Amino acid sequence: MLDKRLQSLGRHGVDFITGAGRAGALLIGALKPAGRGLKLLPLLIKQLYIVGVQSLIIIVVSGLFIGMVLSLQGYTILVGYGAEQSLGQMVALSLLRELGPVVSALLFAGRAGSALTAEIGLMKSNEQLSSLEMMAIDPLHQVIAPRFWAGIISLPLLSAIFSTVGILGGHLVGVDWLGVDTGAFWSVMQASVEWQEDIVNGGIKSLVFAVVVTWIALHKGYDAVPTSEGISKATTSTVVQSSLAILGLDFVLTALMFG
Amino acid sequence: MISSDNIIEISNLHFSREERAIYQDINLKVPRGKVTAIMGPSGIGKTTLLRLIGGQLKPSSGAIEFDGDDITQCNRKQLYKVRRKMGMLFQSGALFTEMSVFDNIAFPIREHTDLSESIIRKIVLMKLEAVGLRGAAKLFPSELSGGMARRAALARSIALDPELIMYDEPFAGQDPISMGVIVRLIRELNDALGLTSIVVSHDVEEVLSIADYVYIVANKTVIAHGTPEQLRHESSEQVIQFMQGKPDGPVPFHFPSDDYKKDIFNNA
């Protein structure tokens, strides 16, 4: 019994290490300059549209509602202390430091990450990746690299849009509905939000999440068992692992930045 | 050293997947300019053999010489260089679904050459004409029938005028007309373009009608080889069972199991 458990533990350990090795090789292979420069540009632009622009709606709508909820919840607490003038500060700091990078990364994993995994898994199952290899075209450069860079560029921008729309949503509820003074809302926010401490740190978080989510999504697709069950498992695994990685890394980054 | 008469020479090839042996001591030669068929029952790894030749899989041991290069010893860069001399028609066609037929065929030319668009257009139309699909240039893969998709994929695999073309089950799932068209195309393209062709299939009659030389692979190795005429007169029971499609013989009809009566009457 103990033997079997040890064997199973060992097998999982070996699987994890080989998986990590393959993921590393995938990233290195994709990022190695291939001297194809300009030929990759149209592919990158297309992926920026698919990964970034097509994720805009979910980011904008979620950002708006989260900003509105933050403002409503914040107001009911702050008004008890007569501190509702600080509503702008609370909404902005919550969004810039935490909710903007984290929630947009979670949404990105669900919307774009899962789509990347499914697309690459299907390309593998209908032999498109193999046919690229046989045409002497490296799929790591043709398929993986443009999607990776598109993810890295898109998520920090989506996160910035999320926070901006969230602040506007907070203003809508706090100022236009609940009657907080508009001057106080903006001036307290302006006085308390620091460029380095809040905006740059939020951007760094977002960049780290972009690398992790896109990498996981591409690796899971490229490594998927090329059957319908395999692709479905890979897609689920992308969302679960990316979400856990985002939340775990968020704690580590927050501890390093603000701890 | 590879003989100049052969484009491929495989010697003492062993290949295992995890702990399961797929091939043990395969020896095989593909003569230049001819159509060579590799036949065998389903599931014995015929496609795997093509992937080994293309360098997509590494054998456990043995050598695969292609036109003077040992594929098993090539690094990634050398492998990509060697593959420019190969074309492969996949079972599914593997056309890029987001591109039109024209762009699918232009794709390898655009990637590997700096030819102008007007020359690329001419080459693509010539390749499409060869497979009878010039009129379908603007269609997308989803608008093609299975047979047309395979012909379009064939046009793509000859886009860069390779020396060798490998067909993976080209007749699978085709209606009789498409099958006849593909059979004719394989032979005609081979002769007209001076190619060497390897056809992997288990459709005995179609393969024997176009192949110059045939290898039958079973039990992890080559069990017979020769011209179609020689194989028709082969006396080995295993070859006769395969060629004539007999349900029982050296390859048993029943999957190995316990005694039938014991299994039926034992309720426990």
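This briefing describes a structure with two chains, A and B, going from each chain as a whole to their contact and then to single residues. The model is a predicted one. Chain A has nine helices and zero strands, whereas the secondary structure of chain B consists of ten helices and ten strands. Between them the two chains bury about 1,900 Å².

**Chain A as a whole**

- The order of elements along the sequence of chain A is α-α-α-α-α-α-α-α-α, in keeping with a count of nine helices and zero strands.
- Taken along the principal axes, the C-alpha atoms of chain A fill a box of roughly 65 × 55 × 30 Å.
- Chain A has 259 residues, and 47% of them are buried.
- When contacts in chain A between residues at least 6 apart in sequence are considered, 85% of them join residues that are at least 24 apart.
- The accessible surface of chain A amounts to about 12,600 Å², and carbon and sulfur atoms account for 71% of that surface.
- Chain A carries 15 positive and 16 negative charges, and the mean positions of these two groups lie 14 Å apart.

**Chain B as a whole**

- Chain B combines ten helices with ten strands; its radius of gyration is 20 Å, close to the 18 Å that the globule rule gives for 268 residues, so chain B is as compact as a globular protein of that length.
- The C-alpha trace of chain B spans about 75 × 45 × 40 Å along its principal axes.
- Of the 268 residues in chain B, 50% are buried.
- Among the contacts in chain B with a separation of 6 or more, 62% are made by residues 24 or more positions apart.
- Chain B exposes about 13,500 Å², with 51% of this area supplied by carbon and sulfur atoms.
- The 30 positive and 34 negative charges of chain B have mean positions that are 5 Å apart.

**Where the chains meet**

- The contact between the chains involves 18 residues from chain A and 26 residues from chain B.
- The area buried between chain A and chain B is about 1,900 Å², and 53% of it lies on carbon and sulfur atoms; on the side of chain A, Glu127(A), Met134(A) and Met135(A) supply 35% of the area buried against chain B, more than any other three residues.

**Two buried residues**

- Thr214(A) belongs to helix H8 of chain A, which covers residues 195-222, and it counts as buried because its relative accessibility is 1%, under the 20% cut-off.
- Leaving aside residues up to four places away in sequence, Thr214(A) touches Phe108(A), Leu116(A), Arg147(A), Phe148(A), Gly151(A) and Ile152(A).
- Ser100(B) sits in the loop that runs between strand S6 (86-89) and helix H3 (101-112) of chain B, and with a relative accessible area of 9% Ser100(B) is buried as well.
- The residues that Ser100(B) touches, not counting those up to four places away in sequence, are Ala137(B), Lys138(B), Leu139(B) and Phe140(B).

**Two loop residues with positive phi**

- Asp67(B), which is not a glycine, has a positive phi near 50°; Asp67(B) lies in the loop between strand S4 (61-66) and strand S5 (69-70) of chain B, and its relative accessibility of 23% makes it partly exposed.
- Asn219(B) likewise has a positive phi, about 50°, although it is not a glycine; its place is the loop between strand S9 (213-218) and strand S10 (221-226) of chain B, and Asn219(B) is exposed because its relative accessible area, 53%, is over 50%.

**A strand residue and its surroundings**

- His14(B) is part of strand S1 of chain B, which comprises residues 6-17, and at 29% relative accessibility His14(B) counts as partly exposed.
- In sequence His14(B) and Ala63(B) are 49 residues apart, while in space their C-alpha atoms are 9.2 Å apart.
- Not counting residues up to four places away in sequence, His14(B) touches Tyr23(B), Gln24(B) and Asp25(B), together with Pro59(B), Ser60(B) and Ser61(B).

Terms used. Residues numbered from 1 in each chain as written. Chains lettered and ligands numbered in written order. Predicted model: local features only at pLDDT ≥ 70, side-chain atom pairs only at ≥ 80, totals over all residues. Heavy atoms only, no water. Helix = DSSP H or I, 4+ residues; strand = E, 2+ residues; numbered from the N terminus. Rg over C-alpha atoms; globule rule 2.2 N^0.38 Å. Buried < 20%, exposed > 50% of the residue type's maximum accessible area, 1.4 Å probe, protein only. Contact = heavy atoms within 4.5 Å. Areas by Shrake-Rupley, 256 points an atom, 1.4 Å probe, with all protein chains shown as cover. Lys, Arg positive; Asp, Glu negative; His and termini not counted. Charge placed at Lys NZ, Arg CZ, Asp CG, Glu CD. Buried area = accessible area lost by both parts, 1.4 Å probe.
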